[in-house]
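Here are my notes for you to read with the model open beside them. Take the points one at a time and find each residue as you go.

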Amino acid sequence: MISIHMNKFSVRRMTIIALLTSLLTIGRIWFAVIPNVQPNTTILILASFVLGPIQGLLLAILSTITTNLVLGHGLWSFGQMVAWGLIAVMSGILGRYRHKIPWLLLTLYAGFCGFLFGFIMSILMGGIIMQKFWPYYLAGLPFDLNHAVGNVVFFVVLYKPLLFVMEQYMNKDVNKKAAL
């Protein structure tokens, strides 16, 4: 059963979401020169592991809005919110079981999310808006591969330190330590 945990939506959590939104915004802008490689998806996955699906979804929406204030808004903004939002919700649910899942599988999940993001964007942008799903999807596969590989690299680098910080300083009610 999925509970919303709104009683945990304290000033501390709002502050953490604001800080993570800032981190996601800066990370995406810094890495904008490398096509589809940014720490956003990985940080969103890790944050959703700890914060849960609802607050992960909020983080996905806020970070899309703030990054696109700099990088530009358009129809793709809605697609990004849907794609990152779905990844956040899935990760928030998966986060409840992450201590029982081998680290290698979680790393592969991060890579999968890069392809999932591109697939969702292709459905929304290529399929619904332009009515040309397959050309749009196939043309985007190299970028999806960049996204997946970037996610894996960022996951390997950020998994232990970011989860440690979030679980120790943001989520005092979590009994288990990160990276077990």
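1. First, a term you'll need: a helix here is a DSSP run of H or I that is at least four residues long, and helices are numbered from the N terminus. With that in hand, you can place Thr 107, which sits in helix H5. Keep in mind throughout that you're looking at a predicted model.

2. Now the overall layout. Which elements make up the protein? There are six helices and zero strands, so to read the order from the N terminus you just go α-α-α-α-α-α. Of the 180 residues, 44% count as buried. The protein exposes about 9,300 Å², and carbon and sulfur atoms supply 76% of that area.

3. Next, how the chain meets itself. Take the contacts between residues at least 6 apart in sequence: 73% of them join residues at least 24 apart. Points 4 and 5 give you some contacts to look up on screen.

4. Back to Thr 107: is it buried or exposed? Its relative accessible area is 5%, and the cut-off for buried is under 20%, so Thr 107 counts as buried. Setting aside residues up to four places away in sequence, Thr 107 touches Val 152, Phe 155 and Val 156. Helix H6 covers residues 133-170, so you can look for those three partners along that helix.

5. Trp 103 also belongs to helix H5, which covers residues 103-129. Trp 103 is partly exposed, with a relative accessible area of 38%. Which residues is Trp 103 in contact with, leaving aside its neighbours within four places in sequence? They are Phe 155, Val 156 and Tyr 159. Phe 155 and Val 156 come up for Thr 107 too. Trp 103 and Val 156 are 53 residues apart along the chain, yet their C-alpha atoms are separated by 9.3 Å.

6. Look next at Gly 127, another residue of helix H5. Gly 127 is partly exposed, at 21% relative accessible area; the buried class is for values under 20%, so Gly 127 falls outside it. Without its neighbours within four places in sequence, Gly 127 is in contact with Ser 122, Lys 132 and Phe 133. The C-alpha atoms of Gly 127 and Tyr 137 are separated by 8.8 Å, and these two residues are ten apart along the chain.

7. One of those partners, Lys 132, lies in the loop between H5 and H6. Buried or exposed? Lys 132 has 52% relative accessibility and exposed means over 50%, so this residue counts as exposed. Not counting residues up to four places away in sequence, Lys 132 touches Gly 126 and Gly 127. The C-alpha atoms of Lys 132 and Ser 122 are separated by 9.0 Å, with the two residues ten apart along the chain.

8. On to charges. Side chains of opposite charge can pair when their charged atoms come close. How many salt bridges does the count come to? One. It is formed by Glu 167 and Arg 98, whose closest N and O atoms are 1.8 Å apart. Glu 167 lies in helix H6 and Arg 98 in the loop between helix H4 (75-94) and H5, so the pair ties together parts that are 69 residues apart in sequence. Both Glu 167 and Arg 98 are buried.

9. Then there's empty space to think about. Rolling a probe the size of a water molecule over the atoms shows where empty space is left. The largest pocket holds about 540 Å³ of space. It is lined by 22 residues, and the closest to its centre are Arg 28, Asn 36, Gln 80, Phe 117 and Met 121. Helix H3 (53-71), H4, H5 and H6 each supply at least two lining residues, and H5 gives the most, with five. By class, the lining has twelve nonpolar, eight polar and two charged residues.

10. Last, pick out Asn 36 from that pocket lining. Where is Asn 36? Look in the loop between helix H1 (11-30) and helix H2 (40-51). Asn 36 has a positive phi of about 60° although it is not a glycine. At 27% relative accessibility, Asn 36 counts as partly exposed.

Definitions and conventions. Residues numbered from 1 in each chain as written. Predicted model: local features only at pLDDT ≥ 70, side-chain atom pairs only at ≥ 80, totals over all residues. Heavy atoms only, no water. Buried < 20%, exposed > 50% of the residue type's maximum accessible area, 1.4 Å probe, protein only. Contact = heavy atoms within 4.5 Å. Areas by Shrake-Rupley, 256 points an atom, 1.4 Å probe, with all protein chains shown as cover. Salt bridge = Lys/Arg side-chain N within 4 Å of Asp/Glu carboxyl O. 1 Å grid on protein atoms, 1.4 Å probe; cavity = no way out; pocket = protein on both sides within 12 Å on 5 of 7 lines; lining within 4 Å. Points joined across faces, edges and corners; volume = space filled by probe spheres on them. Nonpolar A, V, L, I, M, F, W, Y, C, P; charged D, E, K, R; others polar.
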